[in-house]
Amino acid sequence: MSIPTRAAVVESGGAPFTLSDVRLDEPGPHEAIVRMVAAGLCHTDLGVASGALPFPLPGVLGHEGAGVVEAVGAAVTGVAPGDHVVLSFTSCGGCRDCRGGHPAYCASWLPLNLIGGRRADGTGTVSRAGEELGGHFFGQSSFAERALADERSLVKVDPDVPLASIAPLGCGVQTGVGAVWNVLKPVTGGTVVVLGAGAVGLSAVMAAALTPATDIVAVDRVAERLSLARELGATHTIDATGTDVAEALADITGGRGADGVVETTGNVGVLRQGVDGLAARGTLVVVGAPPFGTEVALDVNGLLGGKRIVGLTLGDAETQTFIPALVRLVKQGRLPLHRLISTYPFTDIDRAVRDMGAGKAIKPVLTF
C-alpha cells in the first residue's frame, strides 16, 4: 500500500513551493521510509524550482534531509527502524567510480539524482490524486514529512547529535569541506582562498582551519559574511566591492599566489580571477555551477606553470565514512555548523526561500 504524507510541491518552473497531500510508493528492496526531522535548503533546490534544470514538474525536491528510519525494504542491511540518518545523494554502487570510492562521479549520477525524477527502473516514488509527481530527487525528495529514500542515500549517524544541526551535511557542507580535504589537501604553510562566503564557502573556510594551511582568505561582497568567515577561521578577508582582488591576494601571498582556491560563486569572471591568482602548481576547485553550457576564457600560457583546474561534485565524498566523521566534528564543536543555520518550520518554506534569496539566511533548515 502507498503511504500518505505531506510535501512541498513545485507545480511548474518559477512557481512557489505549496504544501500538498501526496502518497509515497511502498519501499522497494533497497529503500526505506524516513520520518523527516529537518531538511536543508540549497541553491540547487532553488535552481530546479526555477525551471533552470530539466527535472519533471510538478515535483518534490529536497536533498539535505535528516530524520529517523521508520521502515526498510527486504534487502536493506545498512540501517534499521529507529536509526537516525542523514540523507545525501544516491548512486548505482556498481560502476567503476562507485566501486573505487568515488560515488559522486557515478556513471548514472545525473538521472539518479538531479534530472530523472524517478527510480533507475523508471518507476515513480510519489504521486498525488493518482497522478505521478517528479520525485527521487537525490534519491530522497526530502521536502516532505516522510521520504522514500534509496539505501545508498542513507547514512546512519550518532543519535545524540540533533538532526537539525547536521542536515546540511548531505550536500553543501560536504561539498565545501571535501573541496579542501579531498582535493586541495593543504600542506604546512599553504594558502587557501575561498571565493564566496555562502554556506559552501564558509564550510570550506572551516575545513581549511582544520588543516596545516597558515593563510585562509575569504572573498565576498557582504561585510557580515566576511566577519563571520574570520570568526570561523579565515586569517584574511577581502571585500570584493571596493578592493582589487588580484592586488589584495598578491599582497597577502607576497606575490606568489594561492596554493589552493575554492570557487563557489558560479560566476565565470570570479573563476577567472581565481585561476589568475594561483601560484605555480596551484589548484582551483570549481564548485559553483553556472547555467549549463557556460564557458570561461583562460590564458593558456598562464596555465603552463603547473596550474590545475578541477571540477567537483559533492566534495568527491564517500558518504558512509565522510559524513559520520563530520558529525563527530560537529559534536566536538570543531565544525560549528550552527553558525550558518537559520531554522524555519516546514510550513514556512517560502519564507525560507525568500530569506535565502535575499541573503538574510546562509543555510535555512526546515524543521518538521
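Which residue stands opposite Gly-260 in strand 15? The close-ups below, taken from a predicted model, start from the sheet that holds the answer.

**View 1. An open sheet of 6 strands with parallel pairing.** Reading across the sheet, the strand order is 13-12-11-14-15-16. Strand 13 (236-239) and strand 16 (308-311) are the edge strands; each has a single partner strand, so one side of each is left without a neighbour in the sheet. From one strand to the next, the twist averages 15°.

**View 2. Strand 14 beside strand 15.** Here you can follow residues 258-263 of strand 14 alongside residues 278-286 of strand 15, paired in the parallel sense over 5 bridges. And here is the partner we asked about: Thr-283 in strand 15 stands opposite Gly-260.

**View 3. Helix 6 and helix 7 packed on the sheet.** Helix 6 (residues 223-231) touches strand 12 (215-220) and strand 13, and its direction makes about 170° with that of strand 13. Helix 7 (residues 245-252) touches strand 11 (191-195), strand 12 and strand 13. The direction of helix 7 makes about 165° with that of strand 13.

**View 4. Thr-319 and its contacts.** Look for Thr-319 in helix 10, which covers residues 319-332. Is Thr-319 buried or exposed? With a relative accessible area of 5%, Thr-319 is buried, because the cut-off for that label is under 20%. Once neighbours within four places in sequence are set aside, the residues in contact with Thr-319 are Ser-88, Phe-89, Arg-152, Val-155, Gln-174 and Pro-324.

Notes. Residues numbered from 1 in each chain as written. Predicted model: local features only at pLDDT ≥ 70, side-chain atom pairs only at ≥ 80, totals over all residues. Heavy atoms only, no water. Pairing = 2+ DSSP bridges. Helix = DSSP H or I, 4+ residues; strand = E, 2+ residues; numbered from the N terminus. Axes fitted to C-alpha atoms, helices over the stretch in contact; angles between N-to-C directions. Contact = heavy atoms within 4.5 Å. Buried < 20%, exposed > 50% of the residue type's maximum accessible area, 1.4 Å probe, protein only.
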